[in-house]
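Student: I would like to go through the terms used for this structure and see how each one is earned.
Tutor: Then ask term by term.

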Amino acid sequence: MGIGADRDPIELFGEWYEAAQDCGLREPSAVTLATAGADGRPSARMVLLKAVDAKGFVIYSNFESRKGLQIKENPYAALCFHWMPLGRQVRVEGAVEQVSDAEADAYFASRDRASRVGAWASRQSRPLKSLFELEREVAKFALKFGLGTIPRPPFWTGFRIVPEHIEFWMHRAARLHERLVFHRSDDGWQTERLYP
Ligand SMILES: Cc1cc2nc3c(=O)[nH]c(=O)nc-3n(C[C@H](O)[C@H](O)[C@H](O)COP(=O)(O)O)c2cc1C
């Protein structure tokens, strides 16, 4: 019974993620991403998980955004998934690296056209005078690219959170929840159970 401490945490995450995709949630890939810049003050926002494997958890964003600047100053982040219908939470912490240009290009090319134009049009996290200004930027880039290829903007890429700690949390009655943390060490993953 319970979460197996002998498991590989990435494989276990894969099983939980698959269950999350089958439990009726609209955005099972939605995850809170927490970052802090040089001032050490945390900020958090939702993003979408776009890939996960033994190398880490990949999300995409504008690296001139607030989160992007914070990651540049302090390349560490935390992710927190919550799949309410399953009573499950997964927390991931680790260093952040940029994905390769080839990986980012491939993902960008898979996005629908409007999202590709939108990535060019949005100077994410910077002040916007009015929604009209945003619409104007969208129209400008839609016109610029026409029906041609839309390259990945130079300020837009993927960030990979390379896990050092992964905690699996499972709801149990009377708040006696189960918590199992995997810590990465030179010898592989070590596990530790925590009081709820
Ligand atoms: C469900 C959901 C998914 C989101 N996914 C992303 C995403 O994958 N990438 C992204 O840059 N912003 C995403 N956003 C917007 C962010 O929450 C945030 O507003 C934006 O990235 C700017 O954050 P920052 O100013 O802290 O950099 C998402 C928002 C929601 C509500």
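Student: What makes the pair formed by serine 125 and an oxygen atom of the ligand a polar contact?
Tutor: A polar contact is a pair of N or O atoms within 3.5 Å. A polar side-chain atom of serine 125 lies 2.6 Å from an oxygen atom of the ligand, so the pair qualifies. This is a predicted model, in which local features need pLDDT of at least 70 and side-chain atom pairs count only at pLDDT 80 or more, while totals for chains, interfaces and linings use all residues. Side-chain values use heavy atoms, without hydrogens and water, and residues are numbered from 1 along each chain as its sequence is written.

Student: How do you know that methionine 46 and glutamine 124 make polar contacts with the ligand?
Tutor: A polar backbone atom of methionine 46 is 2.7 Å from an oxygen atom of the ligand. For glutamine 124, an N or O atom in the side chain is 3.2 Å from an oxygen atom of the ligand. Both pairs therefore meet the cut-off.

Student: Which residues are around the ligand?
Tutor: Among them are Arg45, Met46, Val47, Leu48, Tyr60 and Ser61. Each counts because one of its heavy atoms lies within 4 Å of the ligand.

Student: Why are S1 and S2 called paired strands?
Tutor: Two strands pair if DSSP finds at least two bridges between them. Seven bridges join strand S1 (residues 30–36) to S2, so they pair. The two run antiparallel, and threonine 35 stands opposite serine 43 in S2.

Technical notes. Helix = DSSP H or I, 4+ residues; strand = E, 2+ residues; numbered from the N terminus. Polar contact = N/O pair within 3.5 Å; in protein donor to acceptor, adjacent residues only side chain to side chain.
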